[in-house]
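Please look at the sequence and the structure below, and keep both at hand while you read. The points that follow are grouped by topic, so that each can be checked against the picture.

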Amino acid sequence: MKLSQFYTKTRRSMAAQDSINAYLLEKAGFISQVAAGVYAYLPMAVRSMQKIEQIVREEMNELGGSEVVFSALQPKKTWEQSGRWEDKNFRQIVYLDTDVDMTFGATHEEPMTIAVKQGVQSYRDLPVILYQFQTKFRKELRAKSGLLRGREFRMKDLYSFHSDEKSHQQFYEEAAEAYLTTFERLGLEAYRVKASGGIFGAEHSDEFQVLCETGEDEILVDHQTKTGFNTEIENQLKVVDVKKLDRVKAIEVGNIFHLGTKYAEAFDLKYLDASGTRQSVWMGSYGIGISRLLGTLAELFNDENGLKLPRQVAPFAVVIIDLTNGKTGRKVHDLLEKAGIEVLLDDRDEPPGTKLVDADLIGYPIRLVHSAKTAQDGKIELKERASGKMTLVNLEDVVKHVSRLLSLKAKV
């Protein structure tokens, strides 16, 4: 793809922001702030979030999940029926249209329960695993830190429905393992941390936290087991146990909750067991912040020159900058594209310095520069953004070399 045909605009100067991710993502042309906690996602961000979603989707499918898309609008009576409307902590985060008594769904336990009730009759219909990618709206009182805490954000939420507690617990642990695998695939090391159930339930939940000095959460962790506790439940721990743990800052990137039979009973979601007795369905809820993950990756992978997103989530794997007037850059572009590599040819009418600065700011994993000097030896300069390592590569070997670096099989 030619950069002249792909919309992206970087910024030379930026006002100070309240977080690294907001500053770099906006400067690199990934996002544009609309209001506090509300952002527009521009083409570069869309490509990265699609890649994040695909990795999450693959893991959710592996769990046996079926993808759905539910409405963001929900009738207020839905939350009243479950009793959650009486929870002032929940109600204060919900956007409400009083003219028609409709809300933006801050979460989807209730709507999912209502839908599953229509299809579950007996134990043979269970378990049911449904998930979606959706924009959520929450009246966040502390919108800050760029994409880490917003009023409008992209999220994956999954809901599981089981015949009994044992079945639920088994899936819950499988989901926890899938989450750890998901974050590892994204280039993140996540800790499984016990926390309160919050507005979702009385039981403890499990958060998945990524260590980060600028994170807003404080957690107590065992680095050997990669487990720990959110300090919000510190008072429930023994002092002697707390002293064994390391107190660190972190970013929450996912969470899972035990819901028990609360919502099933509120909406009369029951099934006939093998003996013909009606039983309540057991449920769990499992969330991953997609836009928050982009913010987390930007917060962790950067340097003084810009973003250094892992190759699996970078918007493009390779950028080519041809400083000659020849057709070599286009030829290399076509060869890489034919090999299945996402490549961008910077053909803009801009000075070489601008192109080089933008390449580092956006953080393409690999930058190829063809100049008069490299052309003399039939080579092209290759720079790896993550390490800064620069190599001169023969033009005839560029596809094989780039493919190896990206762990792809070259199609030659």
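Ser 371 counts as buried in this predicted model, because its relative accessible area is 16%, and buried means under 20%. The place of Ser 371 is the loop between strand E21 (366–370) and helix H12 (372–376). When residues up to four places away in sequence are left aside, Ser 371 touches Leu 323 and Thr 324.

**The protein as a whole**

- The secondary structure comes to 13 helices and 23 strands, and the C-alpha trace spans about 80 × 50 × 45 Å along its principal axes.
- Of the 412 residues in the protein, 51% are buried.
- If one takes the contacts between residues at least 6 apart in sequence, 68% of them join residues that are at least 24 apart.

**Cavities**

- Rolling a probe the size of a water molecule over the atoms shows where empty space is left.
- How many cavities of 30 Å³ or more does the structure hold? There are two cavities of that volume, and the largest contains about 70 Å³ of space.
- The lining of the largest cavity is made of 13 residues, and those that lie nearest its centre are Leu 3, Arg 348, Asp 358, Ile 362 and Tyr 364.
- Two elements, strand E19 (318–322) and helix H11 (352–362), each give two or more residues to the lining of the largest cavity, and H11 gives the most, with four residues.
- Sorted by kind, the lining of the largest cavity has six nonpolar, two polar and five charged residues.
- The second largest cavity holds about 50 Å³ of space, and the residues that line it include Val 319, Ala 359, Asp 360, Tyr 364 and Arg 385.
- The elements that give two or more residues to the lining of this second largest cavity are H11 and E21, and its lining divides into five nonpolar, no polar and four charged residues.
- Tyr 364 can therefore be found in both descriptions, since it is among the residues nearest the centre of the largest cavity and also lines the second largest cavity, where a lining residue has an atom within 4 Å of a cavity point.

**Aromatic rings**

- A pair of aromatic rings is described by the distance of the centres and the angle of the planes.
- The count of aromatic pairs in this structure comes to nine.
- In one of these pairs, the rings of Tyr 131 and Phe 133 have their centres 5.9 Å apart and their planes at 90 degrees, so the pair is edge-to-face; both Tyr 131 and Phe 133 are buried.
- Tyr 172 and Tyr 286 form a tilted pair, with 6.1 Å from centre to centre and 50 degrees between the planes.
- Because Tyr 172 lies in helix H6 (residues 165–185) and Tyr 286 in strand E16 (residues 282–289), this pair ties together parts that are 114 residues apart in sequence.
- Both Tyr 172 and Tyr 286 are buried, and ring pairs link these two residues with Phe 171 into a cluster.

**Charges over rings**

- Arg 47 lies over the face of Phe 316, at 3.9 Å from the ring centre.
- The charged end of Arg 84 sits over the ring of Phe 90, at 4.6 Å from the centre of that ring.

**Backbone details**

- Most residues other than glycine have a negative phi, and most peptide bonds are trans.
- Which residues does a cis peptide bond join? Such a bond, with omega of about 0 degrees, joins Leu 126 and Pro 127, and Pro 127 is found in the loop between helix H5 (109–117) and strand E7 (128–137).
- Ser 145 is not a glycine, yet it has a positive phi of about 60 degrees; its place is the loop between E7 and strand E8 (152–162).
- Is Ser 145 buried or exposed? Ser 145 counts as buried, because its relative accessibility is 13%.
- Asp 268 is another residue other than glycine with a positive phi, here near 55 degrees, and Asp 268 lies in the loop between helix H8 (262–266) and strand E14 (270–272).
- Asp 268 counts as partly exposed, because its relative accessibility is 34%, a value that falls between the limits of 20% and 50%.

Definitions and conventions
Residues numbered from 1 in each chain as written. Predicted model: local features only at pLDDT ≥ 70, side-chain atom pairs only at ≥ 80, totals over all residues. Heavy atoms only, no water. 1 Å grid on protein atoms, 1.4 Å probe; cavity = no way out; pocket = protein on both sides within 12 Å on 5 of 7 lines; lining within 4 Å. Points joined across faces, edges and corners; volume = space filled by probe spheres on them. Nonpolar A, V, L, I, M, F, W, Y, C, P; charged D, E, K, R; others polar. Buried < 20%, exposed > 50% of the residue type's maximum accessible area, 1.4 Å probe, protein only. Contact = heavy atoms within 4.5 Å. Phe/Tyr/Trp six-rings, centres within 6.5 Å; stacked < 30°, edge-to-face > 60°. Lys NZ or Arg CZ within 6 Å of the ring centre and 35° of its normal.
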